[in-house]
Amino acid sequence: MLLHIYPIDPILALDISSKYAAHCSIIASRFGLPPFNHPPPIPVKRDRSERLRIGYVSSDFGNHPLSHLMGSVFGMHNRENVEVFCYALSPNDGTEWRQRIQSEAEHFVDVSAMSSDMIAKLINEDKIQILINLNGYTKGARNEIFAMQPAPIQVSYMGFPGTTGATYIDYLVTDEFVSPIRYSHIYSEKLVHMPHCYFVNDYKQKNLDVLDPTCQHKRSDYGLPEDKFIFACFNQLYKMDPEIFNTWCNILKRVPNSALWLLRFPAAGEMRLRSYAVAQGVHPEQIIFTDVAMKHEHIRRSALADLFLDSPLCNAHTTGTDILWTGLPMVTLPLEKMATRVAGSLCLATGLGEEMIVSSMKEYEERAVSLALNKPKLQALTNKLKAVRMTCPLFDTARWVRNLERAYFKMWNIHCSGQQPQHFKVTERDSEFPYDR
């Protein structure tokens, strides 16, 4: 469901999501299950060697951006705090990504051949206290499982960058920049604000070789011109609307000897975008397309560009973390909906957000042009970005996992106190978290 892509009013998007959530409830009701009994709302006590039971449900445990980003998370959870169950809605695809999660998660269950009611029963029998929906409204999702409410607390995270509109999803894990409280009316869920950035990644564990200066690609490897200033956007082409493409064309016309590097993602878009750019007065050779590359190569070759131009309507999410990890700066314009604000949050979590985030389309154009024409300024930003990769919060997966555990304990404690789910902010020193006492 591409609700987060279309430039529709956020309230309308919430209404559409709510109707889809109600449809999932109807599907769930057809199974005719009686309401589930849930684990009792009793606080988890460290001195009783108790743990919080967390369940992750996804169809994307395999070669998918979700697993590229979250691969280490399931095994990084502290087994003294939480007991983790992964429920895979898709069969084993035989990839390293699936294998890794399967071997590192404390419990991993392939439920792909089971009916939704049987999966819900299994989750309930496993006494899951907090159940996380990693799909939302994406391919392979089975939201009817959540509509059956097999767990007392149900959470949306990562898979769908927007509201589910579901009465049976209590919380959305996000952050203060991506989903400010002033926009809480466009979400059905209560907002959990993670410190720094809500968007996790795995580069420190899986892509350290990108930092090795002796193993770099060359522009000639991809037919990229050595002498041009290269702007890049590696987002899928559906994320680009006429307004941003017009702005890119203006930038190309204002920066001498420049080019825009895009991906054939899909290939069908190449001729259309090239002709559109030419109609705007851009030279055909200023638009460069290359094929989509395998994940590892894609990350490494991204560093061959000079500046990344983000698409405001739907930002670079996974792609944003890819390019920042290679040390490539970006220009991004946050709007109102969640999917339009993720890249800004990524930038802020590097500590260099102010240099990459703009507040209007005019400022976007000016920032891109000024960085391209001021080589020392851009080089300084690139150097700073490269210098913080190993220390900034954005790439600190272990720190992020600890903060997520803090969020889970807070959710559970609110539930145990008899209160309804509520918006809250996770702090890095939290007396409710057993290991912060």
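With 437 residues, the protein chain would be expected to have a radius of gyration near 22 Å if it were a compact globule, and its 22 Å agrees with that; the radius is taken over C-alpha atoms, and the globule rule is 2.2 Å times the number of residues to the power 0.38. The model is a predicted one, so to speak of local features takes a pLDDT of at least 70 and side-chain atom pairs count only at pLDDT 80 or more, while totals for chains, interfaces and linings use all residues. Residues are numbered from 1 along each chain as its sequence is written, and side-chain values use heavy atoms, with hydrogens and water left out.

Along its principal axes, the C-alpha trace spans about 65 × 45 × 40 Å. Buried residues (under 20% relative accessible area with a 1.4 Å probe, protein chains only) make up 58% of the 437. Counting contacts (heavy atoms within 4.5 Å) with a separation of 6 or more, 73% come from residues 24 or more positions apart. The accessible surface (Shrake-Rupley method, 1.4 Å probe) is about 17500 Å², and carbon and sulfur atoms own 54% of that.

As for secondary structure, the chain has 15 helices and 13 strands; these are DSSP runs numbered from the N terminus, with helices being H or I of at least four residues and strands E of at least two. Strands of a sheet pair through backbone hydrogen bonds, either parallel or antiparallel. Here two strands are said to pair if DSSP finds at least two bridges between them.

One open sheet has eight strands, with parallel pairing, in the order β3-β2-β1-β4-β5-β6-β7-β13. Its edges are β3 (107-110) and β13 (424-425), each with a single partner strand, so one side of each is left without a neighbour in the sheet. At the β13 end, two bridges tie that strand to β7 (residues 190-194), running parallel, and His 193 has Lys 425 as its bridge partner.

A second open sheet takes five strands in the order β10-β9-β8-β11-β12, again with parallel pairing. β10 and β12 (330-331) sit at the edges with a single partner strand each, so one side of each lacks a neighbour in the sheet. Strand β10 (residues 287-290) is nonetheless covered on both faces: Ile 287 and Phe 289 are buried on one side, Ile 288 and Thr 290 on the other. Four bridges join β10 to β9 (residues 258-263), with Leu 262 partnered by Phe 289. At the other edge, β11 (residues 307-309) pairs with β12 over two bridges, and Phe 308 has Met 330 as its bridge partner.

Terms used:
Buried means under 20% relative accessible area, exposed over 50%, partly exposed in between (1.4 Å probe, protein chains only).
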